[in-house]
Amino acid sequence: MTTTTPNPSYPSWVREIHSPPNPKSKSASTIRDPPGFSASLTGKRAQLSKSQPHKPPTPEETDILKVKKSWEVALAPAKQLPMNAIMMYMSGNSLQIFSIMMVFMLFKNPLQALMQTNAVFTKYETPRTRGKMWVVKAVYVLMNLVALGLGIWKVNGMGLLPTTRSDWLAWESQREPVERAVFAF
């Protein structure tokens with residue numbers, strides 16, 4: 001392969017591409033390599049990487065990676081809990097369309113996740129990892145139940161849960177206040 005020197009009328013970047021780099025000057029060789037770097041090792045590593053092809057992972061390594069990934073999936077609902085808690089706090093306790101939609105989504109997403117628990121983990125489950133997957137699935141279910149608990153807390157804060165005696169008994173009367181304040185001129 002021959003390299004031809006480009007016409008001087010070409011831009012400098014074209015000339016630099018076609019001309020070989022200058023050999024190292026003596027001043028550049030006096031600069032020490034950074035700690036942990038050796039030019040001789042890089043040449044050996046390059047030769048080793050060229051001579052040895054990449055071997056495929058063993059089934060044990062693949063199973064370990066699948067279990068790690070399944071743990072990431074199982075802990076994903078826990079990572080959403082702080083965001084959901086802040087959103088529920090910020091939406092307020094009054095009955096408005098925004099707070100109702102937020103509560104609806106807070107119930108809908110964990111319920112859907114609970115119904116699809118086995119479908120979520122089928123791609124990570126192998127005969128060798130089946131024994132470890134029940135723990136992962138249990139944590140996934142627990143995290144989604146905590147998200148449902150957050151929704152119940154919000155509904156209670158909005159006053160929509162029947163938690164007093166008067167909510168359950170039709171003949172129970174409201175408490176009479178001890179004092180009344182009346183506006184007078």
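So, valine 135: it counts as partly exposed because its relative accessibility is 32%, where partly exposed sits between buried, under 20% relative accessible area, and exposed, over 50% (1.4 Å probe, protein chains only). Keep in mind that this is a predicted model, where local features need pLDDT of at least 70, side-chain atom pairs count only at pLDDT 80 or more, and totals for chains, interfaces and linings use all residues. Residues are numbered from 1 along each chain as its sequence is written, and side-chain values use heavy atoms, with hydrogens and water left out.

Valine 135 is in helix 7; helices here are DSSP runs (H or I, at least four residues), numbered from the N terminus. With Trp71, Leu75 and Trp134, Val135 makes a nonpolar surface patch of about 390 Å². For a patch like that, residues need over 30% relative accessible area and no salt bridge (side-chain nitrogen of Lys or Arg within 4 Å of a carboxyl oxygen of Asp or Glu), with nonpolar side chains (Val, Leu, Ile, Met, Phe, Trp, Tyr) joined within 5 Å. Areas are Shrake-Rupley, 1.4 Å probe, and only the protein chains shown count as cover. Helix 4 (59–91) and helix 7 (130–157) each give the patch at least two residues.

Now, inside. The largest nonpolar core (buried Ala, Val, Leu, Ile, Met, Phe, Trp, Tyr and Cys, joined through side-chain atoms within 4.5 Å) has 10 residues, including Val73, Phe121 and Met133. Helix 7 provides its largest share, five residues.

And asparagine 144, also on helix 7? That one counts as buried because its relative accessibility is 5%. Beyond neighbours within four places in sequence, Asn144 contacts (heavy atoms within 4.5 Å) Pro77, Pro110, Ala113 and Leu114.

Terms used:
Patch = residues over 30% accessible without salt bridge, like charges linked within 9 Å, V, L, I, M, F, W, Y side chains within 5 Å.
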